[in-house]
Amino acid sequence: MKTTATAFLSILAIGMAAPAIAQQDPAPAPAAPAAQAAAAKAGDTVYDTAGEVVGTVESINGQTAVISTGTNKATVPLSALASGSKGPMIGMTKAQLDAAIQSARK
């Protein structure tokens with residue numbers, strides 16, 4: 001049975017942007033470049049950082065996207081998606097996203 005689990009998980013963005021590193025110099029350290037935000041749209045395939053399929057964008061509503069893994073659906077912030085070489089990318093594998101959805105239901 002397919003159900004929607006709403007999970008705004010901060011772990012979705014793991015690996016999507018590098019943190020700034022403090023420097024010994026008293027001058028402020030420049031911020032690391034953030035991952036380019038994805039311009040996702042309904043029907044797009046979502047990939048993990050290794051280029052494997054995670055799921056499909058079912059819909060976009062404001063600043064959130066509903067991603068279907070085929071087994072589960074999750075509403076995630078668009079900020080959790082970055083532009084990859086194949087299309088929208090998320091910092092989780094399909095198995096990790098499915099596990100996070102199942103965990104959120106408990």
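**Salt bridges, a central strand pair and a nonpolar core**

Let me begin with one pair of residues: the side chains of K41 and D44 come together in a salt bridge, with 3.1 Å from N to O. Please keep in mind throughout that what we are looking at is a predicted model. Side chains of opposite charge can pair when their charged atoms come close. The two partners here differ in how they are covered, because K41, at 53% relative accessibility, counts as exposed, whereas D44, at 13%, counts as buried.

The structure holds 3 salt bridges, and I would like to go through the other pairs before turning to the fold. In one of them the side chains of E58 and K73 meet, at 3.2 Å from N to O, and this pair links distant parts of the chain, since E58 belongs to strand β3 and K73 to strand β5, 15 residues apart. E58 counts as partly exposed, with a relative accessibility of 38%, while K73 is among the buried residues of β5. Then there is the salt bridge between D98 and K94, whose closest N and O atoms are 3.2 Å apart. Both of these residues lie in helix α1, and the 4 residues that separate them amount to about one turn of the helix. Here again the cover can be stated for each partner: D98 is buried, with a relative accessible area of 11%, and K94, at 30%, is partly exposed.

Now let us step back to the whole chain. Its secondary structure comes to 1 helix and 7 strands, and, read from the N terminus on, the elements run β-β-β-β-β-β-β-α. Of the 106 residues, 38% count as buried, and the chain exposes about 6300 Å², of which carbon and sulfur atoms supply 56%. If we take the contacts between residues at least 6 apart in sequence, 51% of them join residues at least 24 apart.

Which residues of β5 are buried on each of its faces? On one side they are K73, T75 and P77, and on the other A74 and V76, so that both faces of the strand are covered. In other words, 5 of the 5 residues of this strand, which spans 73-77, are buried. Strand β4, residues 64-68, runs antiparallel to β5, and 5 bridges join the two; T64, for example, stands opposite P77. The hairpin that these strands form has 4 residues between them, and in it G70 takes a positive phi near 100 degrees.

That brings me to the largest nonpolar core, which has 15 residues, and in which V46, A65, I67, L81, I90 and L97 are those with the most contacts. At least two residues of this core come from each of β3, β4, β5 and α1, and the largest share, 3 residues, is supplied by α1. I67 shows how such a residue connects to other places in the chain: leaving aside neighbours within four places in sequence, its contacts include V46, L81, I90 and L97, as well as K73, A74 and V76.

Finally, is A95, in helix α1, buried or exposed? A95 has a relative accessible area of 58%, and therefore counts as exposed. Its C-alpha atom is separated by 8.1 Å from that of V54, although the two residues are 41 apart along the chain.

Technical notes:
Residues numbered from 1 in each chain as written. Predicted model: local features only at pLDDT ≥ 70, side-chain atom pairs only at ≥ 80, totals over all residues. Heavy atoms only, no water. Buried < 20%, exposed > 50% of the residue type's maximum accessible area, 1.4 Å probe, protein only. Pairing = 2+ DSSP bridges. Core = buried A, V, L, I, M, F, W, Y, C linked by side-chain atoms within 4.5 Å. Contact = heavy atoms within 4.5 Å. Areas by Shrake-Rupley, 256 points an atom, 1.4 Å probe, with all protein chains shown as cover. Salt bridge = Lys/Arg side-chain N within 4 Å of Asp/Glu carboxyl O.
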